[in-house]
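Hello, and thanks for sharing this one. Here are my notes as numbered points, so that you can follow them with the model open beside you.

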Amino acid sequence: MKKLNYVLLLSFILFLIAGCAKDDSLAPLNQNDQETNLKKGHAQPVIVSVPLKADFTVWFAGFSDDNPCAPGNVRLIMVGEGNMSHLGKMTTRMDFCATGEPTGSYRNGSGKFVAANGDELYFDLEEGLIIGNEDEDPYYPTRFNDKVNFTGGTGRFEEATGYFWTNAYVHFPDPNNEDDVWHTDFFSYGILKLVKGKR
């Protein structure tokens, strides 16, 4: 009887060892397992690239003490509104460092576009250059056309990337017209890259 118990115990131990050897739940994923996970809905996000056009105007709204600029520069705040594809009617707020001269470089820009439903699209700019308008248009004495990068957002713009070219024209007020104000008109274009399925 003791011999039979010993044989049964040994058989049970061997059965457990064999069962554990076949259990691959703790084994690292191989290539086939990874492909299976992708097929089960763990795929990388699908990025959709769409053309972008925007027409909007910004006005001077003050100076900012946040994110200080280099000596001799000030941080300007601009606010505005207009229309942009994929946002519809939108508002914008941006700030950047500049010397305050009519032409020259500006840098460290950041801002956001806000769609009518509240979704926000963020952007930033490392450096740009304001130059004289070659068309010699008295209404727009200076202009700039610099690349600005999208850096994410909220709602359907979460994880958005891409870029746009400013294609902007600066108007200086007529000193003889008290209703005329300084502003910049943007006729921008670019590419917006969105994660498919974001709402």
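1. What relative accessibility does E127 have, and how does E127 count on that basis? Please keep in mind that the model you are looking at is a predicted one. E127 counts as partly exposed because its relative accessibility is 46%, which falls between the 20% limit for buried and the 50% limit for exposed. Its salt-bridge partner is R107, and the closest N and O atoms of the two are 2.7 Å apart. Since E127 belongs to strand β5 and R107 to strand β4, the pair ties together parts that are 20 residues apart in sequence. R107 is partly exposed too, with a relative accessible area of 27%.

2. A word on the overall layout may help you to place the rest. The protein has 2 helices and 10 strands. Reading from the N terminus, the order of elements is α-α-β-β-β-β-β-β-β-β-β-β, so both helices come before the strands. Of the 199 residues in the protein, 33% are buried.

3. Back to the charged pairs: the structure holds 6 salt bridges. One of them joins D119 and R156, with 2.8 Å between the closest N and O atoms. D119 sits in the loop between β4 and β5, and R156 in the loop between β7 (147-153) and β8 (161-165), so this contact ties together parts that are 37 residues apart in sequence. The two ends are covered to unlike degrees: D119 counts as buried at 11% relative accessibility, whereas R156 counts as partly exposed at 24%. The cut-off that parts them is 20% relative accessible area.

4. Which residues are linked in a network of salt bridges? They are R75, R93 and D95. Within this network, D95 bridges to R93 with the closest N and O atoms 3.1 Å apart. D95 counts as buried, because its relative accessibility is 11%, while R93, at 36%, counts as partly exposed.

5. The largest pocket deserves your attention if you plan to look at cavities and openings. Its volume is about 520 Å³. It is lined by 32 residues, and those closest to its centre are L76, M78, F96, I130 and W182. By class, the lining consists of 20 nonpolar, 10 polar and 2 charged residues.

6. Where does that lining come from along the chain? Strands β1 (47-63), β2 (74-84), β3 (88-98), β4 (104-115), β5 (120-132), β6 (142-144) and β10 (183-195) each supply at least two of the lining residues. The largest share comes from β4, which gives 5 residues. Strands β4 and β5 have appeared before in these notes, as the places of R107 and E127.

7. On the surface, F60, F63 and V74 form a nonpolar patch, and together they have about 290 Å² of accessible area. F60 is placed in strand β1. With a relative accessibility of 42%, F60 counts as partly exposed.

8. Two backbone angles are worth a look in your viewer. N108 has a phi near 50°, a positive value in a residue other than glycine. N108 is found in strand β4 and is partly exposed, with a relative accessible area of 38%. N167 is not a glycine either, yet its phi is positive at about 45°. N167 lies in the loop between β8 and β9 (168-171).

9. Finally, here are two pairs of residues that are separated along the chain. How far apart are the C-alpha atoms of G190 and W165? They are separated by 6.0 Å, with their positions 25 residues apart along the chain. G190 is in strand β10 and counts as buried, at 11% relative accessibility. The other pair is P141 and P102, which are 39 residues apart in sequence and 9.1 Å apart in space, C-alpha to C-alpha. P141 lies in the loop between β5 and β6, and at 33% relative accessibility P141 counts as partly exposed.

Definitions and conventions: Residues are numbered from 1 along each chain as its sequence is written. This is a predicted model: local features need pLDDT of at least 70, side-chain atom pairs count only at pLDDT 80 or more; totals for chains, interfaces and linings use all residues. Side-chain values use heavy atoms; hydrogens and water are left out. On a 1 Å grid over the protein atoms alone, a cavity is a set of points where a 1.4 Å probe fits but cannot get out, and a pocket is an open set with protein on both sides within 12 Å along at least five of seven lines; lining residues have an atom within 4 Å of a point. Grid points are joined across faces, edges and corners, and a volume is the space filled by probe spheres set on the points. Helices (H or I, at least four residues) and strands (E, at least two) are DSSP runs, numbered from the N terminus. Ala, Val, Leu, Ile, Met, Phe, Trp, Tyr, Cys and Pro count as nonpolar, Asp, Glu, Lys and Arg as charged, and the others, Gly among them, as polar. Patches are made of residues with over 30% relative accessible area and no salt bridge: like charges are joined within 9 Å, nonpolar side chains (Val, Leu, Ile, Met, Phe, Trp, Tyr) within 5 Å. Accessible areas come from the Shrake-Rupley method with a 1.4 Å probe; for residues, only the protein chains shown count as cover. A salt bridge is a side-chain nitrogen of Lys or Arg within 4 Å of a carboxyl oxygen of Asp or Glu. Buried means under 20% relative accessible area, exposed over 50%, partly exposed in between (1.4 Å probe, protein chains only).
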